Structure formats: structure tokens, C-alpha cells
Amino acid sequence: MTMQNDAWVISLVGIGLVALLFIYVIAQAGKIAPDPAGVQKKAYALRRPLFWALIVLGIGVAYGTLRTFPIPKQQGALHPAQTVQVIAHQWSWEITPAPIQAGVPIEFDVTSADVNHGFAIFDAHDRLLTQTQAMPGYTNRLIYTFAQPGTYRVLCLEYCGVAHYGMMDELHVVARKGDRQ
Amino acid sequence: MSALYPQTEALSSRERAVLNLYAISALAVFLLLMLFGLAMRAAQGRWINISPQVFYQLMTAHGAGMVGTVGLASSAIMWFFLRKYVRLSTAMFVANYLLFLLGAVLILAAVFIGGFGGAWTFLYPLPVHTMGIWSINAAAVFMLGYLVIGVGFLLFYLDAMLAVMRVYGNLGRALGWQWLFGGTIDKSHPTTVVASTMVIIVNTLGILGGAVVLVMCLVNAYVPRFPLDALLVKNLIYFFGHVFVNCSIYMAVIGVYELLPRYSGRPWGVSRPFLWAWAASTVMVLIVYPHHLMMDYVMPHWMLVTGQIISYTSGLPVFLVTAYGALTNVYRSGMRWRMPAMLIVLSMFGWAAGIVPAIVDGTIAVNVVMHNTMWVPGHFHFYLLLGVLPMVLAFLYHVAGGSSRSLETAGDRLSLAVYLIAGLAFVGMFLAGGRASEPRRYAVHFAEWLPYDRAASIAAALVIAAMLLFAIRISGALLKAGSGEKGSGEVPAHLPG
């Protein structure tokens, strides 16, 4: 499972639950409860445990997704195996040096020479792997470890003008010396 | 006057004329901008051929126009109901409309005459880094258009703020904060006043933030030696943009609080959880915007964590107070399923369901692979197309239906069914595209993304067909009502003069 599939499934389940609740209430809406105040009281009594259940769920998800912070620290040394400089231009990428090694953490120092861009790495199946913004005046440090050697695609993910859709490049990732292909 | 149409909501002929201007303008602009959206999806699907330059002009007009027009339509809902409780100036409401019109003309001129295609977010320095596609003047006219529209909304909010303070003493009392920690809640305290006061506070701050960044960008456009910090500008733009869009939802939901009880026959008043929800939302809407900046790694990380956590907590008032409250109000109520009631229930579903993928994307680890993919327009179209727009339509069907029973035909109901099903398909294709890593804002798409684009185009065409029928029916009924009415123009007796 990729993160995209996780997000898709969780969203579909959530939307589906909301939809089921609405369908149930709509199906009941034409009837008239003999004790309307009692119905509302009962429904609002249910809300309190629901509130705490969502709070506990939220804390659990926040802890699970933030415990290992998804973004590398931006100050101090990161000790990557290789550092790659990325400068975005309207509408091309300047990426040095190439090639890039697989299986080890690579630090991408990403900035822009003109406007905001988005540095995004896609795999051979055009699946988005990771990204950061490329901003004028700032350098965002992205750490990524390529599992496999091969050709990866770089796309721009921040609207940067009329040729935004064509701002693409490739990353050539090779096996580390000593690793078997 | 009936329970559905109380005397306190009667419109003078002048007020009706102004409301008609708001309503009919908004419906016409929604339709036009939906056509722009359809053109973009069809172009991405390679069914029509438009140049990238024109594509990005359409995209800019669609984004700026939709955000502004949803705000305009929602402000009409707030005005309509708030004037029952406080004395609002019709002149200020007219001024808001006229300034909106002027701003819209400036924006359209910048885009379609000046060629501006810097997106509705006008992230610095793109507007002034034109690459020869548009001129600095075009960018400046676009931003000036925003500024003019912002001034209109500020006038409306300041008038509403003074009116609320005249009746309730201060904004805290209008929000019901005196009952947050105890005391006997005055059940007659209007939900409309609570929601309106929240919007007045929050959107005044949001628009002021927008005004600051617009003035900074305008000065920089003509005095480039006054450089701007791109990250600071981005923060201000997303603060303003997020607050403005959210306040449009909060203004529109006033119609839900007011109208749903009339069709269900059950009261829906203030309670302590309700007051807490609106108090919490007042703060959360102001501080959640960093979730738009999660991929700006140099942002202070505590702000990004705040963005994630407040994204989660922001869902609680929507789920547990407004949507849950609406369902409780409807459950076994002997509901009168007329068009406004159906549209209100649809709007509650669209809002509650639409924030699920939004909250998922508000998780930093997810955002890394979803930010600026089609997932993003997927979730915001969900709660705007199936949430806010049905709120606006419900309000207009209700107002227009006051004089015309003919707004309850099988055609109206069929259109609603088409709108719901096609709307779900339309937003579903965005979300599926996001899952497949389809980038947003691409004028030209890879072959593997075409099925999503084409299915979305068909769905968009059906949504527009339904919307066209809604617009014709509502506009016709509103104009008919206006032509046969004599207005008093008097202030209701219960309001201070």
C-alpha cells in the first residue's frame, strides 16, 4: 500500500460513513417521533462519547504521524550520503550533480531563481514519491532514499506560469558501488 | 405570512431589488465560471483545444471569480437574516455589491484584456515575473480588483459590527461568551447573531491581512527596489484566502440554522456546545492556515504541527455541532421535503463529507504525496460544490418560493438528483486523479490521466445543466415577485431606529 492508497481508502470509508448516517436519517425523517424532545435529548447524549472518541482518534493519529517528523530539520548537518543542488527556473530544473545513488539518504537543497515552484519526484509509474517547495530566497532541504536504481521524473507542483505543465526533468539513480543491480 | 415566511423577514421593494441583484448576478457568474471549469477539464481530456495561455487565464478567472462570488452570495444570506435582529444599512449592502461589480470588472479586464494568468493565489513574485505573457499593469489591475472587492466586504462587516454592538453591547455578548462556563442560556439568543459575529471578527482580520499583502505587492510592482519576502507574502495570502473562503461557508450556514427548523418543525437554538463550537471556530479559522504551507519546509515546524492538529480539531464543530445538529433536527421530524429542505440536507452532507479528504490531506505525512495534486481541488470542490452552493441555492429557492409554488416541480427535483450524482462523480474524479498523483493546474495532461479528465467533463456538463435550470427557475421567480410587490421600506418595529 502506498500513502496515496491509504488516503484514498480512509477518505472513502469516512465519506461512506457520513453518507450512511445521512441516508439513515433521511429514511427516518418522514416519520414523526411521539416524543421529539426525548429524541433530541437522546441524540445529544450520544454526542458526548462521540466527541471523546474523535478526540482520542485525533490524538492517536497525530502522535502516529508526527512521532517521526516527516520533514527533515532545516538547520544543522544532516549527514546525507550525497547532496544534490536543485535550482528551479521558469521553466526548467538545474540539478547537480548527477547521477544519484540508490539505497542511501540523499539531501536535495531546493531553491528557486525566480518564482515559487514545487520540486516533486515521481517514479517510473508516475507515482508521486515526495516533494518540497522551491522558493526564491529560501532553501528547503529534502531527504529521500531511492529504493531502486532507475530513471525518476521531476515535475513542478507549484503553478509558475504558462509553461508550468511542461517543467519536467529526469533523475538518474544508479546502484551504489559494491551493490548488485 | 406563515411560519415559513415570518413577517420580520419581509422585504421592502428596495431591499428586494438589491437582493435580486445579488442573487441573479451570483447565479449568472456561477454558471459562467462553471463553463470555464468545464472548458479546462475538457482541454485536459484533449476533447477541445485551447492554448496554455488561455487555459491559465480561464483558471485564474475561475478561481478568483468563484471565491469572490461565493462570498458575495453568502453575504446576501447573512444580510437577509441578520437584519431581523439588528439594523443593517441597505446602503452599505448596496455599496458592497457595487464595489464587487467594479472589482470583478477590473479582474476580468486584467485577465481577458491584459492576459493576466497568475492564478487566484497571485503568489509573489509570479505576478511581476511575467515572462512577457502579461504586463505589470495587468497584474496591478488584477490586485486592485481584489482590493476594491475587499473594501466592499469591509464596509459591510463594519456596518454589521456596529449594528451588532448597538444591540448586544459588545461582540463577546453577541457570541454568547457570557454563557460559555455557566449561567442560564437565553434560548432566544439568535444563532444568526452568533455566526454573523464570528464572521465579522474573523473576516475583518482576514481581509485586512489580504489588504496588507495586496498593497505590498502593488508597491513592489512599481517600485521593484522595495523587495518582498516570498515566504511572508505566501503566509499572508494563505491566511487571507483561507479565512475568506471559510467565512463564506459560515455566512451561508446561517441559512441552514434559520431555515431547517421551519421545514422540520423542530426548534434549533443555541446551546452551550453550540456556543463553544463557534467560539473555538473563531480562533481555529485564524490559526489553521499553515496547513497550506506544509511543503514549505523552512516554515517553523511548530506552525506546521499546529496546521495539522488544528485541521483535525476544526472538523469537530462541523461534524458534531452543525451536521450532527442538522441530522438531529431532521430525524423523525415529519420533514416537509420541499426543495430548500432537500438542498439544505445535501449541503450538510457535502460539507461534512467533503472535509474528510481535506482533513486527511491536512496530515503532513499525507501532504507530502498529495499537496498540489488533484486531491486538493477534489476536497475543496466537494464542500463548495456540494456544500456551500446548495446552501446558497436552498436560500434562494426558499426566498423565491415565497411567491411561487411552481418551484416544486418534478423538473426541480430531477435537476437536484442530477446535480447530486454528477457532482459526486465530478469531485470523485478529482480525488481519484489525486490518488493517481495527477498534478493540479496542468494545462496539458499525460495520456494515463485522460479517463479522469473526460469523466469529469461529462459530470461537469451535467452539473451545469442542472445549475442552469436552478438559475432560470430562481431568477424567474425572484423577478416575478419583485414586479408584483409594494414595499414599505420601514424598519421592523422591534429594531432600534
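Which residue takes a positive phi just after α1(B)? That would be B:R46, with a phi of about 65°. Keep in mind as you look around that this is a predicted model.

**A pair of helices in chain B**

Let's stay with α1(B) for a moment. This helix runs over residues 13-44 of chain B, and its partner here, α2(B), covers residues 52-82. The two axes come within 9 Å and cross at roughly 150°. Angles over 145 degrees count as roughly antiparallel, so that label fits α1(B) and α2(B). As for handedness, α1(B) passes α2(B) in a left-handed crossing.

**How long are the helices?**

You can check a helix by setting its end-to-end C-alpha distance beside the span expected at 1.5 Å a residue. Here are three helices of chain B:

| Helix | Residues in helix | End-to-end C-alpha distance | Expected span |
|---|---|---|---|
| α1(B) | 32 residues | 46 Å | 46 Å |
| α9(B) | 30 residues | 43 Å | 44 Å |
| α12(B) | 27 residues | 37 Å | 39 Å |

For α1(B), the two values agree. In α9(B), the reach is close to what is expected, and the reach of α12(B) is also close to its expected value.

**Bends and burial**

Now take a look at α9(B), residues 301-330. This helix bends by about 35° at B:Y324. Of its 30 residues, 21 are buried, so α9(B) is largely enclosed by the rest of the structure. Just past the end of α9(B) you'll find B:R332, which has a positive phi of about 50°.

Next up is α12(B), made of residues 375-401. There's a kink here too: about 30°, centred on B:P390. How many residues of α12(B) are buried? The count is 27 of 27, and the helix is mostly covered.

**One serine up close**

Try finding B:S415, which sits in helix α13 of chain B, residues 410-435. Is B:S415 buried or exposed? A residue needs 20 or more other C-beta atoms within 10 Å to be called buried. B:S415 has 20 C-beta neighbours inside 10 Å, so this serine counts as buried. Another serine to find is B:S347: along the chain, B:S415 and B:S347 are 68 residues apart, while their C-alpha atoms are separated by 15 Å.

**Over to chain A**

Finally, chain A is divided into two parts: domain 1, covering 3-66, and domain 2, covering 82-174. If you take the centres of these domains over C-alpha atoms, 40 Å separate them.

Terms used: Residues numbered from 1 in each chain as written. Chains lettered and ligands numbered in written order. Predicted model: local features only at pLDDT ≥ 70, side-chain atom pairs only at ≥ 80, totals over all residues. Domains from an automatic or database assignment. Helix = DSSP H or I, 4+ residues; strand = E, 2+ residues; numbered from the N terminus. Expected span 1.5 Å × (residues − 1). Bend = angle between axes of the 7 residues up to and from the residue. Buried ≥ 20, exposed ≤ 12 C-beta atoms within 10 Å, placed from the backbone. Axes fitted to C-alpha atoms, helices over the stretch in contact; angles between N-to-C directions. Parallel < 35°, antiparallel > 145°, perpendicular 65-115°, else oblique. Left-handed = near helix turned anticlockwise from the far one by under 90°.
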